[in-house]
Amino acid sequence: MELSITQEDAGHTAEGLPLFIFALCNRHGMEARITTLGGAIAKLQAPDRRGRLANVIHGAAPDCGIHLLPAPGRALHRVPWHAMPLVEDASVGLRLASPGPQAVLATYLLDEANGLTLHCQAPAAASATVCLRIALNMAGEGDVLGQQLEVGATRVVPAGEHERDVAGTPWDCRSPRPLAELPGQARYLLDKHGNGEAALRLLDPAMGRVLELATDAASLRLGCGDPPVFLWLEPIMAAAGGQLVLRFTAQP
């Protein structure tokens with residue numbers, strides 16, 4: 001199997017603008033599908049402990065894609081982006097630019113270690129932030145309540161509440177905690193992580209799939225869907241330049 005990138009038609013917007021999906025594949029069979037509608041991750045095929053692939057992205061979740069906050073006019077996750085394929089020796093990727101004169105730039109790279117990197121930049125929006133909203137189910141189907149979450153954060157802002165310490169609360173995910181125990185949606189204030197150390201780890205014990213998210217984002221919003229068939233994540237990065245890496249492995 002070789003590194004590859006292919007382009008497929010994905011219909012049109014209500015205004016008649018064309019949409020495309022780019023499939024990035026590495027030599028291990030991992031596939032990431034990126035849509036030009038909002039630069040969203042439409043599909044991620046990741047292996048379990050037996051090497052079996054499943055799509056861990058919940059495509060029906062709302063508002064997935066790249067967001068610039070505050071939004072300049074129309075929300076960027078609802079408009080088609082311009083795309084250019086990238087192929088290198090050890091990775092394959094896609095460079096995206098949002099429409100309009102003040103473009104947000106986003107580059108996805110899929111490497112040979114089953115890592116998908118996203119780098120975002122909004123040069124003219126220094127006071128803004130960029131986030132990628134994704135919805136995950138590490139089993140590929142069913143509910144996510146038995147999946148286990150770790151977050152490297154000592155402070156949290158629960159939805160509708162004030163900032164607090166996580167110690168001694170159900171928000172404390174510094175050790176693995178089943179998603180069934182999360183009290184609701186929250187924004188975690190991430191501790192500093194160096195040398196690519198993961199800020200978040202998500203495990204499906206049944207299949208053994210593991211996601212490790214490394215990022216320079218200062219905070220991370222998350223919450224379970226309703227019904228709880230996915231966990232949505234939003235790393236919040238500086239608009240002047242932010243990066244995240246989604247790396248997939250498997251537990252024995």
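1. In this predicted model, cysteine 173 is buried, its relative accessible area being 1%. Cysteine 173 takes part in no disulfide, and the cysteine sulfur nearest to its own, which belongs to cysteine 224, lies 10 Å away. As a disulfide is taken here to be a pair of cysteine sulfur atoms within 2.5 Å, the separation of 10 Å between the sulfurs of cysteine 173 and cysteine 224 falls outside that cut-off.

2. Cysteine 131 also counts as buried, with a relative accessibility of 2%. For cysteine 131 the nearest cysteine sulfur is that of cysteine 120, at 9.1 Å, and cysteine 131 is likewise in no disulfide. A search that covered the whole structure returned zero disulfides.

3. Turning to the strands, an open sheet is formed by five of them, arranged in the order β1-β2-β3-β4-β5 and paired in antiparallel fashion. The edges of this sheet are occupied by β1, which spans residues 4-12, and by β5, which spans residues 53-55, and each of these two strands pairs on one side only. On average, and with direction ignored, neighbouring strands of the sheet are turned by 15° against each other.

4. The pairing of β1 with β2 can be described at the level of residues. Strand β2 covers residues 18-25 and runs antiparallel to β1, to which seven bridges join it. Within this pairing, aspartate 9 stands opposite phenylalanine 20 of β2.

Methods:
Residues numbered from 1 in each chain as written. Predicted model: local features only at pLDDT ≥ 70, side-chain atom pairs only at ≥ 80, totals over all residues. Heavy atoms only, no water. Pairing = 2+ DSSP bridges. Helix = DSSP H or I, 4+ residues; strand = E, 2+ residues; numbered from the N terminus. Axes fitted to C-alpha atoms, helices over the stretch in contact; angles between N-to-C directions. Buried < 20%, exposed > 50% of the residue type's maximum accessible area, 1.4 Å probe, protein only.
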